[in-house]
Amino acid sequence: MIVADAGEGSMPGFKGFSPKIAEIVRNADRTIRYVAPGEHRRLYNQWRVTMGTIGPVDSFYIGFFRDEQYLVIPYMFDELEEYEPPGFQMYGQEGLATWIKNHAKPYIYSMDSGKLLNKGHSFGDEERLSGDAIAIPLLQSPPDRSVVIGIASMQTYRSNVYTEETVQAFQVLARSVVTALQREREDLARQSTLFTDGPLGAKSMISVVDIIEDFGHKLERLRNKIDHLLKGELSNPELIRHELTALRDLCERAQGETTELFMVPSLDSQTLLDKLTPREREIAELIRNDLTNEEIALRLAISEPTVKTHVTRILRKFSVRQRSAVAAKLRPFG
């Protein structure tokens, strides 16, 4: 069984890629940088296929932290099922996802013979356990420090096949993918300033109405494709196969795009965050992730009384009395 629960730093003693692996990684990085904005499934596919040329990949998934309970999983691949629909998964405080979020470094199967890995959700062949696995953090780099925003994992039923090169290649391409996603968001925000007075526009934030409208557009694209098939000449098997393949690909892209909408800040939460200073905004985000004052103090390397002062100001600006209300207001769509 392949376990799905899920990250930067070089492994001690790593001396660099072999010429063959270096060329594979270099070509993949180049391809990833030129994937068209919005083509996220193609982006993730490229990453997974590249890793499959470096080591066996029976399963591969990408997840982004929504809060302390859920992962948004826009991409999941399982060789047995061929296609796994995107969605959400809960993760526990004692599992691999939390470990990676807290430690911000790779997990390798050989570290504990898969014990931490096997605490997670399972999929794939229920008759077999993973033989080897790598899980890494997806790191976003604000001006002052790196933040773990998600996880990625590749697994196989074969034992002891992933090397130091495999781990390093996985991390290098993770940075390429996150950079591509971050650049896309920055471009959208920059474009929005041409039409709004504030730093963020409609493309950078989202409301429930936006989600419903976007989903409606996706359904309309699917309806038009089906309508085209119904009205067309269906006597040519190759043409039918081509059209149905395009329709399937459209469904897969639409599923991934809809899932990823839940990673975009809501209009309401962004309006609230705009009331805060940069430090208050940082602490509010940690409150949303259910960290205590003590944990926030440790995370930000400040005193607990300082955290309490900031929390008091945040509560006042949000017009609420409890930390839980802050977290609720900053979690889009419940």
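This is a walk through the structure, from its strands and core to its loops and later helices.

The model is predicted, so local features need pLDDT of at least 70, side-chain atom pairs count only at pLDDT 80 or more, and totals for chains, interfaces and linings use all residues. Residues are numbered from 1 along each chain as its sequence is written, and side-chain values use heavy atoms, with hydrogens and water left out.

Start with strand 8, residues 147–156. Helices and strands here are DSSP runs, numbered from the N terminus; a helix is H or I with at least four residues, a strand is E with at least two. In strand 8, 9 of 10 residues are buried. Buried means under 20% relative accessible area, exposed means over 50%, and partly exposed lies in between, using a 1.4 Å probe and protein chains only.

Strand 8 pairs with strand 7 (residues 132–140) in the antiparallel sense, over 9 bridges. Strands count as paired if DSSP finds at least two bridges between them. Within this pairing, Leu 139 stands opposite Val 148. Strand 8 also runs antiparallel to strand 2 (residues 59–65), joined by 6 bridges. There, Gly 63 has Ile 151 as its bridge partner.

Next comes the largest nonpolar core, with 34 residues. Such a core is a set of buried Ala, Val, Leu, Ile, Met, Phe, Trp, Tyr and Cys residues joined through side-chain atoms within 4.5 Å. The members that touch the most others are Trp 47, Met 51, Phe 60, Ile 62, Leu 138 and Phe 170. At least two residues each come from helix 1 (19–33), helix 2 (40–54), strand 2, strand 3 (70–78), strand 7, strand 8 and helix 4. Helix 4 gives the most, with 9 residues.

Take Leu 138 as an example. Leaving aside neighbours within four places in sequence, its contacts (heavy atoms within 4.5 Å) include Trp 47, Ile 62, Phe 64, Ile 149, Ala 174 and Val 178.

Strand 7 also holds Asp 132. Asp 132 is buried but has no salt bridge. A salt bridge needs a side-chain nitrogen of Lys or Arg within 4 Å of a carboxyl oxygen of Asp or Glu. The nearest side chain of opposite charge is Arg 158, 9.0 Å away. For charge, Lys and Arg count as positive and Asp and Glu as negative; His and the chain ends are not counted. Beyond four places in sequence, Asp 132 touches residues including Tyr 109, Gln 155, Arg 158 and Asn 160.

Asn 160 leads to the loops. It lies between strand 8 and helix 4 (164–192). Its phi is positive, about 55°, although it is not a glycine. Most residues other than glycine have a negative phi. Asn 160 counts as exposed because its relative accessible area is 69%.

Ala 301 also has a positive phi, near 60°. Ala 301 sits in the loop between helix 9 (293–300) and helix 10 (304–318). Its relative accessibility is 69%, so Ala 301 is exposed. Asp 290, just after helix 8, takes a positive phi of about 70°. Within helix 8 (residues 278–288), the buried residues include Glu 280, Ile 283, Leu 286 and Arg 288.

Finish at Glu 304, in helix 10. Glu 304 is partly exposed because its relative accessibility is 33%. Glu 304 and Glu 294 are 10 residues apart in sequence, with C-alpha atoms 5.9 Å apart. Not counting residues up to four places away, Glu 304 touches Asn 293, Glu 294 and Ala 297.
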